[in-house]
Amino acid sequence: MSERWLPDADSTDALGAALAHTRPANAVVHLHGDLGAGKSTLARALLRALGVQGAIRSPTYTLVERYPLSDGGEAWHLDLYRIADAGELEFLGLDGAEVRLWLVEWPERGTGHLPAPDLTVELAMRGAGRAARLVPGSQTGREWLDRLTVSHGVAADS
Ligand SMILES: Nc1ncnc2c1ncn2[C@@H]1O[C@H](COP(=O)(O)OP(=O)(O)O)[C@@H](O)[C@H]1O
Ligand SMILES: [Mg+2]
């Protein structure tokens, strides 16, 4: 587990870029936090750092936005806030075979219909800033956090 204090939106962007630069070949990221905590900010920064050009729209209404990655495969950004039933995910045809990176906001609303997270990011508002907790869910996630700590100095405490 690793914790990081994000005093402003720029530091959320920096964390997103750091996650992009250290990312594994295939990864599932679950983003937790209240409305306005910074989940979309982090996802956008990550996608931007992966070379996604043009608008990065919020998938609030579409549930999923898909982006081709320059090194092959796709990144899928999901926001399940408005999903009525996790079973709706089946209708989207999310088999995920071509997906190299999943970024899922409100994953708790898709329980049972999403791949298990390699990394869970929990964002919480603290005054004017945000507290981030990064919790690995797999060996891939642990190695990702190790790379993040080495190259970007995120404090790790376990
Ligand atoms: N570390 C931070 N400190 C202060 N404000 C932040 C921080 N990170 C993001 N923000 C701002 O908070 C808001 C977060 O919105 P958004 O990313 O859409 O949240 P969510 O997707 O979690 O609902 C944006 O206005 C963004 O600029
Ligand atoms: Mg959002």
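Trainee: In this predicted model, which residue just after α2 takes a positive phi?

Mentor: The model is a prediction, and the backbone angle in question belongs to a position that follows directly on the helix α2. There the phi is positive, at about 100 degrees, and the residue that takes it is G51.

Trainee: Which residue in the loop between α2 and β3 has a positive phi although it is not a glycine?

Mentor: Most residues other than glycine have a negative phi. In the loop between α2 and β3, one residue that is not a glycine has a positive phi of about 75 degrees. It has 19 C-beta neighbours inside 10 Å, and because burial requires 20 or more, it counts as partly exposed. The residue is L63.

Trainee: And in the loop between β5 and β6, which residue has a positive phi?

Mentor: The residue found in that loop is not a glycine, yet its phi is positive, at about 55 degrees. With 19 C-beta neighbours inside 10 Å, this residue counts as partly exposed. Its name is W106.

Trainee: Is α2 largely enclosed or left open by the rest of the structure?

Mentor: The buried residues of α2 are K39, S40, L42, A43, R44, A45, L46 and L47, and what covers them includes α1, β2, β3, β4, β5 and β6. Since eight of the 11 residues of α2 are buried, the helix is, with respect to the rest of the structure, largely enclosed.

Trainee: Which elements give two or more residues to the shell around ligand 1?

Mentor: Of the 17 residues around ligand 1, those that come nearest are L6, T12, K39, S40 and T41. The elements that supply two or more residues to this shell are α1 (9–21), α2 (39–49) and β7 (129–136).

Trainee: How many residues of the shell around ligand 1 are polar?

Mentor: Sorted by class, the shell around ligand 1 holds five nonpolar and four charged residues. The remaining class is the polar one, and its number in this shell is eight.

Trainee: Which strands form the edges of the sheet?

Mentor: Seven strands make up an open sheet with mixed pairing, in the order β1-β7-β6-β2-β5-β4-β3. An edge strand pairs on one side only, and the strands to which this applies are β1 (2–6) and β3.

Trainee: What direction does α2 make with β5?

Mentor: Of the helices that lie on strands, α1 lies across β1 and β7 and runs at about 145 degrees to β1. The helix α2 packs on the sheet, where it touches β2, β3, β4, β5 and β6, and its direction makes with that of β5 an angle of about 160 degrees.

Trainee: Do β2 and β6 run parallel or antiparallel, and what stands opposite H32?

Mentor: Four bridges join β2 to β6, and these two strands run parallel. The residue that stands opposite H32 lies in β6 and is E122.

Trainee: Which residue in the turn between β6 and β7 has a positive phi?

Mentor: Eight bridges join β6 to β7, which run antiparallel, with A124 standing opposite A131 in β7. The two strands form a hairpin that has two residues between them, and the residue in its turn with a positive phi, about 60 degrees, is G127.

Trainee: Is E65 buried or exposed?

Mentor: E65 lies in strand β3, which is joined to β4 by five bridges in an antiparallel arrangement, and E65 stands opposite H77 in β4. Leaving aside neighbours within four places in sequence, E65 is in contact with R57, P59 and H77. Because 20 other C-beta atoms lie within 10 Å, E65 is buried.

Trainee: What is the radius of gyration of the protein chain?

Mentor: The protein chain has four helices and seven strands, which follow along the sequence the pattern β-α-β-α-β-β-α-β-β-β-α. The globule rule gives 15 Å for 158 residues, and the chain comes close to that value, so it is as compact as a globular protein of that length. Its C-alpha atoms fill a box of roughly 40 × 35 × 30 Å along the principal axes. The radius of gyration is 15 Å.

Trainee: What percentage of contacts between residues at least 6 apart join residues at least 24 apart in sequence?

Mentor: Of the 158 residues of the protein chain, 35% count as buried. Among contacts in the protein chain between residues at least 6 apart in sequence, the share joining residues at least 24 apart is 67%.

Key
Residues numbered from 1 in each chain as written. Chains lettered and ligands numbered in written order. Predicted model: local features only at pLDDT ≥ 70, side-chain atom pairs only at ≥ 80, totals over all residues. Near = placed C-beta within 6 Å. Nonpolar A, V, L, I, M, F, W, Y, C, P; charged D, E, K, R; others polar. Buried ≥ 20, exposed ≤ 12 C-beta atoms within 10 Å, placed from the backbone. Contact = placed C-beta atoms within 7 Å. Pairing = 2+ DSSP bridges. Axes fitted to C-alpha atoms, helices over the stretch in contact; angles between N-to-C directions. Rg over C-alpha atoms; globule rule 2.2 N^0.38 Å.
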